[in-house]
Each structure stands twice: as structure tokens, then as C-alpha cells.
Amino acid sequence: MKGKSRKRSSKVIIEKQKPKVPKTVSEEESPVFDYPISDEIQKRISMIGQGFHLKCSPDFPLFYEFCKTLRADAPLEALLDVGFRLVGPFEILHLGSKEPVKKGQWSNYYRFYHDPPEFVTVIVCTSEQYHIGYFRDSCESKPFLAKSTHMFNGVLEYCGQNLFACLRSTLQKNKCTQHSDLLRSLIEFASLKNIPTDLSSSCKLSIIRVIWPKI
């Protein structure tokens, strides 16, 4: 699936700043940043960096590993019961690429009409009209998760510093037994890897408004 994209640069305005709260686990102290990954996965992460202009956060391959514990034969579809499907960079992480990767060759994959170039979709919601992706101001900056809704032009909603916090926030809004079981598994896995899942512990902003310049 490919969405329409604009070639011109966007101007990003961050609104509704929230006071900083100390993180429960710092990036330097957390073992997640020293988590061993195979040479093949490391190679695919490099492909993602080249093809999507995305510097993957350490939680990215770990979230894929978590989904494999739920459905080893089809990890990209492991969250379909809660309306999520892993796409874009996750597809490369799962399948790799047989051809040499050109710089930026996948930058338009799953980019919807209102998405700015700084946004890379990694999850699409199959039951509602929104998708979730990494947002970063530049290729070198650390990305965070944001939600883009098809009907709202240029408005992104902050939804977590990592994928585990993002999914936990979503699951906690639904109290059905099936979601509770998944939430329990998510928290247990994240706890073993020392990954913070509290959305409020790392929340610095709530709304990102993208302004397209007039041409």
C-alpha cells in the first residue's frame, strides 16, 4: 500500500507542552539498549535506516520479538485481534530485501495524504481510521510514536516514546478479557527487558501540528 505524498518540506509546530517528568528507566541504564540481536536482524535494521530514512529505536526489534511470542508464524498479524497490523519497516524487518537498498526508496510506503515527510508509519489500525508511526525532526534525531488520523489535516497526536507504551495505552482503554490477557503479556515482556511502558513517564507533548507552506 502506498499513500500520496508531498515533495515539499513541512514546517512543524509543537503545541501544548507538558512539564518534563523524570523517566523511570534512563536510556543509559536500561538493558534494552544492549539487547543482543542477530546479524541478519542488524542487517535488516540497516536496510530500514537506508530505505526509510529512519534510525530505529531499540524498542523496535524488541516489539517485533514480542509479536513473535504471540504468533510465531505471522508476527505482523499478531495484533489483528486488537485492530493493529505491523507494516512498513516491520515488513522489512520480517522479510528483508533481496535487492540492494537505495537511499529513501521506501520513504513513501504507507504514507497517507496528510502525513509529513518526518512521519514513518509502522502500524495501521484495521478497525478505525488512523495509523501510528515514528515522528522525527531529522534523520539524526530520536523518533517517538505519534498517531495520524485520516480526517484531520496535519495533526499528529503523541502516543508514546516507545511501541510498548503506545500499545499499553491503547489496550488500557479497552477492558475486555482478551485485551487484558494481551496487556498482561505485554507488561511481563517489557518488564523482563526493562522497557518503560508508562505513557506519562516520558510524555513531553500531546499535539504536533504540521503546517504545509503555501506555494
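A search of the whole of this predicted model finds 13 aromatic pairs. One of them joins Phe-164 and Phe-189, whose rings are stacked, with 5.9 Å from centre to centre and 10° between the planes. This pair links distant parts of the chain, since Phe-164 belongs to helix H4 and Phe-189 to helix H5, 25 residues apart. Both Phe-164 and Phe-189 are buried. The two rings also belong to one aromatic cluster, which further contains Phe-60, Phe-63, Phe-66, Phe-90 and Tyr-134.

Several of these names return in the nonpolar interior. The largest nonpolar core has 43 residues, and those that touch the most other members are Phe-60, Phe-63, Leu-79, Phe-90, Leu-163 and Phe-164. Two or more residues of this core come from each of helix H1 (39-52), helix H2 (59-70), strand S2 (84-86), helix H3 (89-95), strand S3 (119-125), strand S4, helix H4 (163-172) and helix H5 (177-192). Helix H2 gives the largest share, six residues. Apart from this core lies another, of six residues, including Phe-119, Phe-135, Ala-146 and Tyr-158.

Helix H4, which carries one ring of the stacked pair, merits a closer look. Seven of the 10 residues of H4 are buried, so the helix is mostly covered. The buried positions are Leu-163, Phe-164, Ala-165, Cys-166, Leu-167, Ser-169 and Leu-171. At the N-terminal end, H4 is capped by Asn-162, a side-chain oxygen of which lies 2.9 Å from the backbone nitrogen of Phe-164. Leu-163 shows how this end of the helix meets other parts of the chain: leaving aside residues up to four places away in sequence, Leu-163 touches Asp-59, Phe-60, Phe-63, Phe-90, Val-122, Ile-123, Tyr-134 and Leu-145.

From the helices the description passes to the strands. Strands S2 and S3 pair in the antiparallel sense over three bridges, and Arg-85 stands opposite Val-124 of S3. Strand S3 in turn runs antiparallel to S4, to which five bridges join it. A hairpin through four residues connects S3 to S4. Within this pairing, Val-120 has Tyr-134 of S4 as its bridge partner, and Phe-119 stands opposite Phe-135, also in S4. Tyr-134 is a member of the aromatic cluster described above, whereas Phe-119 and Phe-135 are both found in the six-residue core. In a regular strand the side chains alternate between the two faces of the sheet.

Strand S4 also pairs on with strand S5 (residues 144-149), antiparallel and through six bridges. Here Tyr-130 has Thr-149 of S5 as its bridge partner. Strands S3 and S4 are both mostly covered: seven of the seven residues of S3 are buried, as are six of the six residues of S4.

Strand S4 (residues 130-135) also holds a polar side chain, that of His-131. Is His-131 buried or exposed? Its relative accessible area is 1%, under the 20% cut-off, and therefore His-131 counts as buried. The side chain of His-131 makes a polar contact of 2.8 Å with the side chain of Asp-115. Among the other residues that His-131 touches, not counting those up to four places away in sequence, are Phe-112, Phe-119, Thr-121, Ile-123 and Val-124, as well as Ala-146, Lys-147, Ser-148 and His-150. Of these, Phe-119 and Ala-146 have already appeared as members of the six-residue core.

These elements can now be placed in the chain as a whole. The chain has five helices and seven strands, and along the sequence they follow the pattern β-α-α-β-α-β-β-β-β-α-α-β. Of its 215 residues, 47% count as buried. The chain exposes about 11,700 Å², of which carbon and sulfur atoms supply 51%. Among contacts between residues at least 6 apart in sequence, 65% join residues at least 24 apart. The stacked pair of Phe-164 and Phe-189, with which this account began, spans 25 residues.

Conventions: Residues are numbered from 1 along each chain as its sequence is written. This is a predicted model: local features need pLDDT of at least 70, side-chain atom pairs count only at pLDDT 80 or more; totals for chains, interfaces and linings use all residues. Side-chain values use heavy atoms; hydrogens and water are left out. Buried means under 20% relative accessible area, exposed over 50%, partly exposed in between (1.4 Å probe, protein chains only). A polar contact is a pair of N or O atoms within 3.5 Å; within protein, one must be able to donate a hydrogen and the other to accept it, and residues adjacent in sequence count only if both atoms are side-chain atoms. Contact means heavy atoms within 4.5 Å. A nonpolar core is a set of buried Ala, Val, Leu, Ile, Met, Phe, Trp, Tyr and Cys residues joined through side-chain atoms within 4.5 Å. Two strands pair if DSSP finds at least two bridges between them. Accessible areas come from the Shrake-Rupley method with a 1.4 Å probe; for residues, only the protein chains shown count as cover. Rings of Phe, Tyr and Trp (its six-membered ring) pair if their centres lie within 6.5 Å; planes under 30 degrees apart count as stacked, over 60 as edge-to-face and the rest as tilted.
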